[in-house]
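Biologist: I would like to go through a few of the labels attached to this model and hear the reasoning behind each one.

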Amino acid sequence: MQKYNWVDEEISALKAEGRYVPIRTIESAQGAWVKINGKQVLNMCSNNYLGFANHPETKKAAIEAIEEYGVGAGAVRSIAGTDEIHIKLEEKIASFKHSEAALVYQGGLLANLGTVPALVGKDDIIFSEELNHASIIDGTRLSPAKRIVYKHLSVDDLEKQAKENRSSGKKALVITDGVFSMDGDIAPLPEIVDIAEKYDIMTYVDDAHGEGVLGDHGRGIVNYFHLEDKVDIEMGTFSKALGSMGGFVAGSAEMIDLLKQKARPFLFSSALNPGDAAAVLKAIEILEKDDSLVKKLWENADLLKKSLADLGYNTGHSKTPITPVIIGDEKKTVELSTKLYEEKNVFASPIVYPTVPKGTARIRLMPSAVHTHEDIMTAVNAFGELGKKLHII
């Protein structure tokens with residue numbers, strides 16, 4: 001049908017520009033190695049930092065919760081009631097984060113989409129970091145508040161924007177990623193908090209990639225900088241280091257109570273499935289008792305970064321396990337990813353525009369606690385051989 005010709009044209013253009021990314025079908029559980037098209041491949045692109053997605057204790061907890069509560073919550077919590085597993089999880093998150101209260105959402109994206117518009121409206125102003133995640137950008141767009149974007153990691157620009165624009169908003173919110181997912185760098189949170197206090201601005205940190213990675217026993221970036229009594233809203237996800245599904249925000253009891261009355265994903269979408277909630281609860285319990293998985297994650301990340309740098313690869317300025325292998329050219333990046341998969345059985349997806357700016361295409365590697373040193377070096381050796389073959393290094 002002619003009315004769909006534009007779809008074929010857009011797909012063809014993506015392929016011609018080297019921006020069409022194949023999506024692999026995984027036929028096994030998440031882990032250091034996964035099965036794709038019947039073969040075992042080394043998995044270097046999963047956010048399953050600590051291995052909780054296929055951990056025996058988290059699986060057992062999910063199965064037991066399904067036996068007790070079923071597979072679904074039935075409806076939204078404000079209508080069908082709240083399963084006690086959700087209350088237990090929220091209490092555990094608040095305790096883990098050293099905050100007064102927490103609210104569980106069905107996903108990290110929904111946490112940002114629901115929370116930001118509930119905090120600031122048409123008479124208010126948002127100061128948003130230049131490289132914030134798409135879910136933050138979408139959350140700010142859903143609010144009628146005035147939006148000001150400040151330069152990446154620039155506290156000087158944030159203060160300049162606050163000084164020039166703060167008076168135009170009744171309430172104000174500064175929002176930033178804690179760990180930036182494409183480069184692995186970290187927000188200068190202490191300085192951001194200082195500016196926010198100076199100009200009477202609420203602080204909101206999306207710590208999706210800091211959960212289970214930074215801070216004491218993986219408590220995240222707010223704990224890492226000892227700012228639990230300074231940051232107003234801490235948001236995170238359960239789908240990365242915690243291995244399951246869902247998201248949350250943590251903050252004051254009054255703030256969380258308000259969100260239960262105003263946040264649209266909470267009010268208009270069914271609650272997180274009991275099995276997911278129980279798996280996350282178990283993952284946090286494990287982290288509280290033992291930080292060995294966090295230590296192993298960092299050990300593997302340090303080995304990967306040093307080995308790739310020794311080969312001559314540009315791995316950026318990451319301060320976290322996120323390891324961007326920056327190639328630049330989109331077509332060459334996709335070609336390297338394809339050959340890694342087809343010739344070396346290494347699953348490492350390309351990241352191209354518009355996810356990252358043009359000319360900064362990369363393969364983002366994600367080491368985990370369940371990788372062995374041999375696994376890491378298998379990936380490194382594959383990058384070394386193919387990088388030379390393709391004249392990248």
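Modeller: In this predicted model, the side chains of Lys39 and Asn345 are joined by a polar contact of 3.0 Å.

Biologist: What makes the pairing of Lys39 and Asn345 a polar contact?

Modeller: The label asks for a pair of N or O atoms within 3.5 Å, one able to donate a hydrogen and the other to accept it; the side chains of Lys39 and Asn345 are joined at 3.0 Å, so the pair qualifies. Apart from neighbours within four places in sequence, Lys39 is in contact with Val34, Tyr341, Glu342 and Asn345.

Biologist: Why is Lys39 called partly exposed?

Modeller: The relative accessible area of Lys39 is 26%, and because buried means under 20% and exposed over 50%, that value falls in between and Lys39 counts as partly exposed. Lys39 lies in strand β2, which covers residues 39–43.

Biologist: Turning to the helices, why is α14 described as oblique to α15?

Modeller: The axes of α14 (residues 330–344) and α15 (residues 373–389) come within 10 Å and cross at roughly 125°. Roughly perpendicular covers 65 to 115 degrees and roughly antiparallel begins over 145, so an angle of roughly 125° belongs to neither and α14 is oblique to α15. The crossing of the two helices is right-handed.

Biologist: Which residues of α14 and α15 meet, and how do they divide by class?

Modeller: From α14, Leu336, Lys339, Leu340, Glu343 and Lys344 meet Ala382, Phe383, Glu385, Leu386 and Lys389 of α15. By class, this contact has 5 nonpolar, no polar and 5 charged residues.

Methods:
Residues numbered from 1 in each chain as written. Predicted model: local features only at pLDDT ≥ 70, side-chain atom pairs only at ≥ 80, totals over all residues. Heavy atoms only, no water. Helix = DSSP H or I, 4+ residues; strand = E, 2+ residues; numbered from the N terminus. Buried < 20%, exposed > 50% of the residue type's maximum accessible area, 1.4 Å probe, protein only. Contact = heavy atoms within 4.5 Å. Axes fitted to C-alpha atoms, helices over the stretch in contact; angles between N-to-C directions. Parallel < 35°, antiparallel > 145°, perpendicular 65-115°, else oblique. Left-handed = near helix turned anticlockwise from the far one by under 90°. Nonpolar A, V, L, I, M, F, W, Y, C, P; charged D, E, K, R; others polar.
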